[in-house]
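Let's walk through this one together, starting from a single side chain and working outwards. Have the viewer open and follow along.

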Amino acid sequence: MGMNVGSEGDDEEVIGVINTTPLVDVMLVLLIIFLITIPVVTHTIQVKLPEEIDHPYKTKPENIILAVNKTGDVFWNEQYVDSNELLKRLKEIAVKTPQPEVHIRGDQQTKYESIGKVIVTTQRAGIAKIAFITQPPARG
């Protein structure tokens, strides 16, 4: 029993190519397994969800619109009010039935502290519903 280790006279070249056929076979088998098992795993209960159209919120005349500018000044329906006057007016409005909502329009560059003071004042007055008015993003 002999083994040919190589001789000095043989000029055989080493083949440097990887046989990818077994790799492709394994990948195809895995792909088929995943294609078969994914629908079984993702099976869920069929539920018909309600369809809803987003309607822009309409401001009622009895709602209060408070605006806060960049410097933190508060405006009640476009009239400047200080914090004491704001609290007094909100307490008068809070006793109405149904209670109106307070809509806050804050400037984009207003400090959060200014908006927070308006929210705290509104809550101290007993107003239950506070909303923020924002600008929808521009479509481009």
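Start at Arg89, which counts as partly exposed at 23% relative accessibility. The cut-offs here are under 20% relative accessible area for buried and over 50% for exposed, with partly exposed in between, using a 1.4 Å probe and protein chains only. Before going further, keep in mind that this is a predicted model, in which local features need pLDDT of at least 70 and side-chain atom pairs count only at pLDDT 80 or more, while totals for chains, interfaces and linings use all residues. Residues are numbered from 1 along each chain as its sequence is written, and side-chain values use heavy atoms, with hydrogens and water left out.

So what does Arg89 meet in a salt bridge? Its partner is Glu85, at 3.2 Å from N to O. A salt bridge here means a side-chain nitrogen of Lys or Arg within 4 Å of a carboxyl oxygen of Asp or Glu. The two residues sit 4 residues apart in helix 2, so about one helical turn separates them. Helices (H or I, at least four residues) and strands (E, at least two) are DSSP runs, numbered from the N terminus.

Glu85 has another partner: its side chain also meets that of Lys88 in a salt bridge, at 4.0 Å from N to O. Lys88 and Glu85 are 3 residues apart in helix 2, again about one turn of the helix. Glu85, Lys88 and Arg89 are thus linked in a network of salt bridges. As for accessibility, Glu85 is partly exposed at 28%, and Lys88 is partly exposed too, at 48%.

The salt bridge count comes to 3, and helix 3 holds another of them. There, Lys117 pairs with Glu113, with the closest N and O atoms 3.6 Å apart. Both residues lie in helix 3, 4 residues apart, or about one turn. Lys117 is exposed at 53% relative accessible area, and Glu113 is exposed at 51%.

Now step back for the overall layout. The secondary structure comes to 3 helices and 5 strands, and along the sequence they follow the pattern α-β-β-β-α-β-α-β. Of the 140 residues in the protein, 20% are buried. If you take contacts (heavy atoms within 4.5 Å) with a sequence separation of 6 or more, 64% of them join residues 24 or more positions apart.

Next, the inside. A nonpolar core is a set of buried Ala, Val, Leu, Ile, Met, Phe, Trp, Tyr and Cys residues joined through side-chain atoms within 4.5 Å. The largest such core has 18 residues, and Leu66, Trp76, Leu86, Leu90, Val102 and Ile104 touch the most other members. At least two residues each come from strand 1 (64-68), strand 2 (74-76), helix 2 (83-94), strand 4 (102-106) and helix 3 (112-125). Helix 2 gives the most, with 5 residues.

Zoom in on Leu86: not counting residues up to four places away in sequence, it touches Leu66, Val74, Trp76, Val81 and Thr121. Then look at Thr122, found in helix 3. Is Thr122 buried or exposed? At 0% relative accessibility, Thr122 is buried. Leaving aside neighbours within four places in sequence, Thr122 is in contact with Leu66, Leu90, Val102, Ile127 and Ile130.

On to the rings. A pair of aromatic rings is described by the distance of the centres and the angle of the planes. Rings of Phe, Tyr and Trp (its six-membered ring) pair if their centres lie within 6.5 Å, and planes under 30 degrees apart count as stacked, over 60 as edge-to-face and the rest as tilted. That rule gives 1 aromatic pair: Phe75 and Tyr80, edge-to-face, at 5.9 Å centre to centre with 70 degrees between the planes. Phe75 is partly exposed at 25%, whereas Tyr80 is exposed at 52%.

Finish on the outside. The accessible surface comes to about 12600 Å², and 58% of it belongs to carbon and sulfur atoms; areas come from the Shrake-Rupley method with a 1.4 Å probe, and for residues only the protein chains shown count as cover. Leu23, Val26, Met27, Val29, Leu30, Ile33, Phe34 and Ile38 form a nonpolar surface patch with about 740 Å² of accessible area together. Patches take residues with over 30% relative accessible area and no salt bridge, joining like charges within 9 Å and nonpolar side chains (Val, Leu, Ile, Met, Phe, Trp, Tyr) within 5 Å. One of the patch members, Val29, lies in helix 1 (residues 21-41) and is partly exposed at 48%.
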